[in-house]
Amino acid sequence: MIKLLDQYTIDKIAAGEVIERPGSVIKELVENSIDAGATAITIEIKEGGMSFIRITDNGCGISKEEVPVAFLRHATSKLQTADDLLKIASLGFRGEALSSIAAVAQVELITKQEDALTGTRYQIHGGKEISNEEIGAPLGTTIVVRNLFYNTPARKKFMKAPATEGSYIYDLVCRMAMSHPDVSFKFIMNGTDKLFTSGNGRLKEIIYHIYGRDITNNLLEIHAANDQVKITGYLAKPSISRGNRSFEDYYVNQRYIKSNILTKAIEDAYRTFVMVHKFPFTVINFEIDPSLIDVNIHPAKRELKFINEPDMYDFTYISVRKALLFKELIPTVTPGK
Ligand code: ADP
Ligand code: MG
């Protein structure tokens, strides 16, 4: 017999696509904080995020009336019409994160908007509302996610060791911090401070915090623009090349994504400088008119399509090449050698 699935089951299925592991929760919640205009975000996890995740921001908050709505599937304040999909300027837009997380965990949200007299505390466990009450709260939003996948044991079984999930989350928070130098990030794992960025806008300082002196002393600045895209950030000199691709970071409109075109353009530009099986270290942001990209091709928004791929390849290749050549062609002759 064919019948429509109930909302609870639909949410659980959808949650599987958006929320694969604790890191997915962190990614979605931090994106929400950034979209809410937060300038300071604190991320706390325990046991690799499986038992406890808390994200605190000083963003715009959610009104009392809209809190339950925010947890409905496809509920978003970021798209008003289908046309908005053609020019997405926020990190979120699918309206799936809160409903998905709430479907597979025990969620507590405390939020207050600037001119509201009181805040709201809302609890939802496995998609079912537990409580909704007024409460005194500071401006902004705090979300606590407990016991992820407690009601989907099959998914829970596939989680890696807490230390593995924890280091995946650390990498993710670092990327969030590097792609948003204007936002202050604090990351606390099992009670220990792991990362703090000041939010003063200086990317190089964040790279120093994360990677240390050796890399920071060997950075080249990249700065290029044409009428469609602006490229900014840092590249390490080829001598600093790494054994795998995990140091090849780039962001499109401050979103960490993977794109074959960009990876190829960057690696091709480095080709004659680095040895085979060595990969560049980069932290580059591409600022591009949202109407020239499509980010709506993957539920977790990990991939993206450029309307004009050949142009994107050429401009990236040329810009990286120029940044490298500028320094590398001028031999650094040490006297006496
Ligand atoms: P999306 O981000 O795709 O809109 P979400 O399910 O992640 O969908 O969030 C639903 C809505 O809840 C958002 O559109 C936003 O209006 C609100 N919201 C979520 N998190 C926050 C937050 N930290 N601060 C303010 N508003 C938030
Ligand atoms: Mg979101």
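## Around ligand 1

Start with the chemistry of the pocket residues: the shell around ligand 1 is made up of nine polar, eight nonpolar and five charged residues. Keep in mind that this is a predicted model. In total, 22 residues surround the ligand, and Asn-32, Ala-36, Thr-76, Gly-92 and Ala-97 are the closest of them.

Where does the shell come from? Two helices, α2 (22–35) and α4 (97–103), each put in at least two residues. The top contributor to the shell is α2, which supplies three residues.

## Two domains

Now for the overall layout. The chain splits into domain 1, covering 7–196, and domain 2, covering 216–328. Measuring between centres over C-alpha atoms, you get 29 Å from domain 1 to domain 2.

## Where the domains touch

How many residues of each domain are in contact with the other? On the domain 1 side there are 13, and they meet 13 residues of domain 2.

Looking just at the side of domain 1 that touches domain 2, the elements that give two or more residues are α1 (7–18) and α6 (162–179). Of the elements on that side, α6 gives the most, with three residues. As for chemistry, the residues on this side of domain 1 sort into seven nonpolar, three polar and three charged.

Conventions
Residues numbered from 1 in each chain as written. Chains lettered and ligands numbered in written order. Predicted model: local features only at pLDDT ≥ 70, side-chain atom pairs only at ≥ 80, totals over all residues. Near = placed C-beta within 6 Å. Helix = DSSP H or I, 4+ residues; strand = E, 2+ residues; numbered from the N terminus. Nonpolar A, V, L, I, M, F, W, Y, C, P; charged D, E, K, R; others polar. Domains from an automatic or database assignment. Contact = placed C-beta atoms within 7 Å.
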